[in-house]
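Biologist: Before I rely on words such as buried, salt bridge or pocket, I would like to hear how each of them is justified. Could we go through them one at a time?

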Amino acid sequence: MPIDPDQLQQITSRTLAHYQANAEGFREGTRDHDVSQNIDALLRHIDAAAPLSILDFGCGPGRDLRTFARLGHRPVGLDGCSQFVAMARADSGCEVWHQDFLALNLPAERFDGIFANAVLFHIPSQELPRVLRELRASLKPGGVLFSSNPRGDNQEGWSGERYGAWHDLDSWRQLLTAAGFDELEHYYRPAGLPREQQPWLASVWRRCDA
């Protein structure tokens, strides 16, 4: 069944309210997460000279913005949670945009890369094709999108107070290919564990302009 505009607004409001109420705990709980494998996966596929223009889409409290800046790049953050936006600005010193993921206003062909770590799964499946096209349009020709999402069997709905959609590799490939991306690589996380203990699907994609 299609999700109507009122339901989409409820999904956004309820999910963001959860993050607003738990922003400090989320920052402390994720501060030491090692996502260097993901950052490296994005950067090594970008065919441009540093410093790179990078959008940290769903930047949260700003942990990865600090990393990109420390590496000498020019990151911009974006998040829908105002608490996270304030934290990310204060902690990273970077430009951070406050935007609803379902009502984006992105500049065209601005970024060499987009880092979407643990965020795109919050977008309802019916809205995801449009959002992916908007992200693609904000990449420079040949730009690269990294995504990491909790994987599943293509179900979606509420998990506590947060809405999520859990895609498998085949459905994720179909979505990204239809949005105008070519696959560069994919892997499962955490590294070095049996597949049943790797709940995260990471993938890297290049904007296709053929």
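Modeller: Let us start with cysteine 208, bearing in mind that this is a predicted model. Cysteine 208 has a relative accessible area of 23% and is called partly exposed.

Biologist: Why is cysteine 59 called buried or exposed, whichever label applies?

Modeller: The relative accessibility of cysteine 59 is 7%, and buried means under 20%, so cysteine 59 counts as buried.

Biologist: How do you know how many disulfides the structure holds?

Modeller: A disulfide is a covalent bond between the sulfur atoms of two cysteines, and the cut-off applied to such a pair is 2.5 Å. For cysteine 59, the closest cysteine sulfur belongs to cysteine 94 and lies 9.0 Å away, which is too far for a bond. For the structure as a whole, the number of disulfides is zero.

Biologist: What makes arginine 14 and glutamate 161 a salt bridge?

Modeller: Side chains of opposite charge can pair when their charged atoms come close. Here the N to O distance is 3.0 Å, and the criterion is a nitrogen of Lys or Arg within 4 Å of a carboxyl oxygen of Asp or Glu, so arginine 14 and glutamate 161 qualify as a salt bridge. The pair links distant parts of the chain, with arginine 14 in helix H1 and glutamate 161 in the loop between strands S6 and S7, 147 residues apart. As for their surroundings, arginine 14 is partly exposed at 28% relative accessibility, and glutamate 161 is partly exposed at 40%.

Biologist: What does the pair of aspartate 47 and arginine 206 tie together, and how exposed or buried is aspartate 47?

Modeller: The closest N and O atoms of aspartate 47 and arginine 206 are 3.5 Å apart, and the two form a salt bridge. Aspartate 47 sits in the loop between helix H3 and S1, whereas arginine 206 belongs to strand S9, so the salt bridge ties together parts that are 159 residues apart in sequence. Aspartate 47 has a relative accessibility of 68%, and exposed means over 50%, so aspartate 47 counts as exposed. Arginine 206, at 19%, falls under the 20% limit and therefore counts as buried.

Biologist: Why do arginine 130 and glutamate 127 carry the labels they do?

Modeller: Their side chains meet in a salt bridge with an N to O distance of 2.8 Å. Arginine 130 has a relative accessible area of 24% and is therefore partly exposed, while glutamate 127, with 13%, is buried. Elsewhere, salt bridges that share partners join Glu109, Arg136, Arg207 and Asp209 into one network, and the structure holds 14 salt bridges.

Biologist: Which residues of H3 are buried, and what do they pack against?

Modeller: The buried residues in H3 are Asn38, Ile39, Ala41, Leu42 and Leu43. Among the elements that the buried residues of H3 pack against are S1, H4, strand S4 and S9.

Biologist: What is the volume of the largest pocket, and which residues line it closest to its centre?

Modeller: The volume of the largest pocket is about 790 Å³. Of the 40 residues in its lining, Tyr19, Phe26, Asn117, Ala118 and Val119 are the closest to the centre. Helices H1, H2 and H4 and strand S1 each give two or more residues to the lining, and the largest share, five residues, comes from H1. By type, the lining divides into 19 nonpolar, 13 polar and eight charged residues.

Technical notes: Residues are numbered from 1 along each chain as its sequence is written. This is a predicted model: local features need pLDDT of at least 70, side-chain atom pairs count only at pLDDT 80 or more; totals for chains, interfaces and linings use all residues. Side-chain values use heavy atoms; hydrogens and water are left out. On a 1 Å grid over the protein atoms alone, a cavity is a set of points where a 1.4 Å probe fits but cannot get out, and a pocket is an open set with protein on both sides within 12 Å along at least five of seven lines; lining residues have an atom within 4 Å of a point. Grid points are joined across faces, edges and corners, and a volume is the space filled by probe spheres set on the points. Helices (H or I, at least four residues) and strands (E, at least two) are DSSP runs, numbered from the N terminus. Ala, Val, Leu, Ile, Met, Phe, Trp, Tyr, Cys and Pro count as nonpolar, Asp, Glu, Lys and Arg as charged, and the others, Gly among them, as polar. Buried means under 20% relative accessible area, exposed over 50%, partly exposed in between (1.4 Å probe, protein chains only). Contact means heavy atoms within 4.5 Å.
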